[in-house]
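Biologist: I would like to learn how to read a structure like this one. Could you walk me through it, one feature at a time?

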There are 2 protein chains.
Amino acid sequence: MRTLMLLFPGFTVLDAFGPYHALGMLPGSEFDFVAEHRGPLTTGKVTLEVPVSIDDVDSCDLLVVPGGIPAIVMARDGHPLIDWIRQVHPTTTWTTSVCTGALMLGAAGVLDGVRATTHWYSHAELANYGAIPVDERVVVDGKVITAAGVSAGIDMALTLTEMIAGTDYAQATQLDMEYSPEPPLDAGHPRTAPAAVTAWLRAMYDSMLG
Amino acid sequence: MRTLMLLFPGFTVLDAFGPYHALGMLPGSEFDFVAEHRGPLTTGKVTLEVPVSIDDVDSCDLLVVPGGIPAIVMARDGHPLIDWIRQVHPTTTWTTSVCTGALMLGAAGVLDGVRATTHWYSHAELANYGAIPVDERVVVDGKVITAAGVSAGIDMALTLTEMIAGTDYAQATQLDMEYSPEPPLDAGHPRTAPAAVTAWLRAMYDSMLG
């Protein structure tokens, strides 16, 4: 089993490294990061060495696509990574996304008629790609699994770990990461966050998209 | 305000990149990764470029120490990183850890008489360093904040974000990362995990420590 996690400059670090904790060490799985180009890739204060280029690989068993502001832009404008996803998706057993990585799946045609979720800010935009937006944290539709924003990738990865490796193994993974969350605040979704906080954040995302 | 996150080969990726999402972009804060040596540092399938060596810096406002199996070993056996923590701690406003990073704080003398937590597997070992082990997910004792295992770093970082930048900003950070967790299983702590799963994982950690 080969797992590929697709990275790009500006990807949201936690979108990738939440799921990595579970999916990077699945038994019997070969895991690699892949990006448009091999070599150093920067997002925020993080510079990673990416070992595999999209030119080197055209199939995998499990594809994981994290998000970030650039994912929204690439989905809207087109990008070689979108073309690559379109090519790889028919070869996968599972095609998955975290946060706005779902929009990249959408632009690649993966979500046509598929129930899906993404970060709350971009949720309505899923419909532009033919998806059926579902207001859930993790959505499984056939072989396509999408997660809501950022931290939802951890829930998605545990869901997928249970499907691939069984309940005992998934429980061990959850226990290893001591994932019994206790958020100190209750603002993790616009349903619970103060309206002014949601409006401020929405305006910030709007301005980042220009 | 200067924030340093201390890395070492084999650190647990999510210990660092959960908190990074909140603490890497605090307003008015300069954030850097630091390690024993500048340059590439590998943990699992991740190779990062570390920009700052411990030889280059002897103070900061916020220190974050993630964990991993090597943290347990360095704490037990001694290591230049432990000496560096001992030197830097008196200069900080906040000294923090995630997971077994707490044992490194302990070995550096930071936890003497201090209430603290760490990953469930290493919890009792805190007392070896003079700490008062507390069975909580995030423990604040004066300027020292410790988190339980791996994913608890996210809760710690939000707690600290609220203290540093205020409730509105911390709520925006939680909303940005859509942190309204829904674990698909209930095995995040030995209190809830099946005993056989806990025993299996404990044996695996034991074997990694040789």
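**A helix between two chains**

Modeller: Gladly! Helix H6 (residues 167-176) of chain B is largely enclosed by the rest of the structure, because seven of its ten residues are buried. Bear in mind that this is a predicted model.

Biologist: Which residues of H6(B) are buried?

Modeller: For burial we count neighbours: a residue is buried if 20 or more other C-beta atoms lie within 10 Å of its own. In H6(B) that holds for B:Ala170, B:Gln171, B:Ala172, B:Thr173, B:Gln174, B:Leu175 and B:Asp176.

Biologist: And what do the buried residues of H6(B) pack against?

Modeller: Their partners come from both chains: helix H7 (195-208) of chain A, and helix H1 (13-23) and helix H5 (152-165) of chain B. Look also just after H6(B), where B:Glu178 has a positive phi of about 40°.

Biologist: How many residues of chain B are in contact with chain A?

Modeller: Here we look for pairs whose C-beta atoms lie within 7 Å. On that basis, 56 residues of chain B are in contact with 56 residues of chain A. Two or more residues each come from H1, strand E2 (30-35), strand E4 (46-50), H5, H6 and helix H7 (195-208) of chain B. H6(B) gives the most to this side of chain B, with seven residues.

Biologist: What classes of residue make up the side of chain B that touches chain A?

Modeller: That side has 30 nonpolar, 16 polar and ten charged residues.

Biologist: How is chain B laid on chain A?

Modeller: For this we superpose the copies and read off the turn and the shift. A turn of 180° with a shift of 0.0 Å along the axis lays chain B on chain A, with an RMSD of 0.0 Å. This is the relation of a two-fold axis. In chain B, the C-alpha of B:Leu48 is the nearest to the axis, at 2.3 Å from it. Both copies use the same surface, as 100% of the contact residues of chain B recur in chain A.

Biologist: Let us turn to the strands. What is the order of the open sheet in chain A?

Modeller: For a sheet, we read the strands from one edge to the other. Here seven strands run in the order E5-E2-E1-E6-E7-E11-E10 (chain A), with mixed pairing. Strand E5 (52-53) and strand E10 (138-141) of chain A are the edge strands, each pairing on one side only.

Biologist: In which sense do E10(A) and E11(A) pair?

Modeller: E10(A) pairs with strand E11 (residues 144-147) of chain A in the antiparallel sense, over four bridges. To see the register, find A:Val140, which stands opposite A:Ile145 in E11(A).

Note on methods
Residues numbered from 1 in each chain as written. Chains lettered and ligands numbered in written order. Predicted model: local features only at pLDDT ≥ 70, side-chain atom pairs only at ≥ 80, totals over all residues. Buried ≥ 20, exposed ≤ 12 C-beta atoms within 10 Å, placed from the backbone. Contact = placed C-beta atoms within 7 Å. Least-squares fit on C-alpha atoms with pLDDT ≥ 70 in both. Nonpolar A, V, L, I, M, F, W, Y, C, P; charged D, E, K, R; others polar. Pairing = 2+ DSSP bridges.
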